[in-house]
Amino acid sequence: YAKTGNGHVRFTYLGETSDICTNGQEFNFEYTGSEEMFVVPCGGQYKLEAWGAQGGGNYGGKGGYSKGNISLVQNETLYINVGGQGGVNSGMTNGTGGYNGGGAGGNGSSGYAGGTGGGGATHVATSSGLLSTLSDNRNSIIIVAGGGGGSVANGWNSYYGGSGGGY
């Protein structure tokens, strides 16, 4: 279930079919580089899945995966931040961290390449904001999938980033 590239979020409706929703209907959210909102169309049970973004480069760690079921109320608004893949390095210059908390890679030194950036986390919350801004409002966080670690590849060695986890 680990993810390459940018993160992803999927809600799957598990309730009874109605005029508005069908059992098994999916609502998908891709990386946009900004926060997205999901206004719950039908109250009931949903399966919620989140994938974090991969770290930068060919050897970046894959994004984590989290899943769970949740009961949602019709017209409730949820805030979604889908993680972006970490940036690649350019020679000794590090890669930037991915959207939503990916760390920047380290700079290289003589003969050694800089590291790629870490992938951004993906999360869904009842409050607006990047994951880093919700530390004083942790109860609003519903699900998180961590981003993968950055990597580095020199001409003779490749160091893989670790995969992200989930909560």
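Ser151 is located in the loop between strand 8 (141–145) and strand 9 (152–153), strands and helices being DSSP runs numbered from the N terminus (E, at least two residues, for strands; H or I, at least four residues, for helices). The model is predicted, so that local features need pLDDT of at least 70 and side-chain atom pairs count only at pLDDT 80 or more, whereas totals for chains, interfaces and linings use all residues. Residues are numbered from 1 along each chain as its sequence is written, and side-chain values use heavy atoms, with hydrogens and water left out.

With a relative accessibility of 6%, Ser151 counts as buried; this class covers residues under 20% relative accessible area, exposed residues being over 50% and partly exposed ones in between (1.4 Å probe, protein chains only). A polar atom of the Ser151 side chain lies 3.3 Å from the backbone oxygen of Gly56, and a polar atom of that side chain lies 3.4 Å from the backbone nitrogen of Gly60. When neighbours within four places in sequence are set aside, the residues in contact with Ser151 are Gly56, Tyr59, Gly60, Gly115, Thr116, Tyr159, Tyr160 and Gly161, contact being defined as heavy atoms within 4.5 Å.

By the rule that a disulfide is a pair of cysteine sulfur atoms within 2.5 Å, the count comes to one disulfide. This bond joins Cys21 to Cys42, with an S to S distance of 2.2 Å. Cys21 lies in the loop between strand 1 (8–13) and strand 2 (26–30), and Cys42 in the loop between strand 3 (36–39) and strand 4 (44–51), so the pair ties together parts that are 21 residues apart in sequence. The link is right-handed, with 105° about the S-S bond. Cys21 is buried at 0% relative accessibility, and Cys42 is also buried, at 6%.

Strands 3, 6, 7 and 8 form an open, antiparallel sheet in the order 3-6-7-8, where two strands are taken to pair if DSSP finds at least two bridges between them. Strand 3 and strand 8 stand at its edges with a single partner strand each, so one side of each has no neighbour in the sheet. From one strand to the next, the twist averages 20°; the underlying axes are lines fitted to C-alpha atoms (for helices over the stretch in contact), and angles run from 0 to 180 degrees between N-to-C directions. Four bridges pair strand 3 with strand 6 (residues 77–81) in the antiparallel sense. Within this pairing, Phe38 stands opposite Leu78 and Val39 opposite Thr77. Side chains alternate along strand 3: Glu36 and Phe38 point to one face and are buried, while Met37 and Val39 point to the other and are not.

A further open sheet is formed by four strands in the order 2-1-4-5, again with antiparallel pairing. Its edges are occupied by strand 2 and strand 5 (65–72), each with a single partner strand, so one side of each is left without a neighbour in the sheet. Neighbouring strands here are turned by 15° against each other on average, direction ignored. Strand 4 and strand 5 run antiparallel and are joined by eight bridges, with Trp51 standing opposite Tyr65 in strand 5.

Definitions and conventions: Polar contact = N/O pair within 3.5 Å; in protein donor to acceptor, adjacent residues only side chain to side chain.
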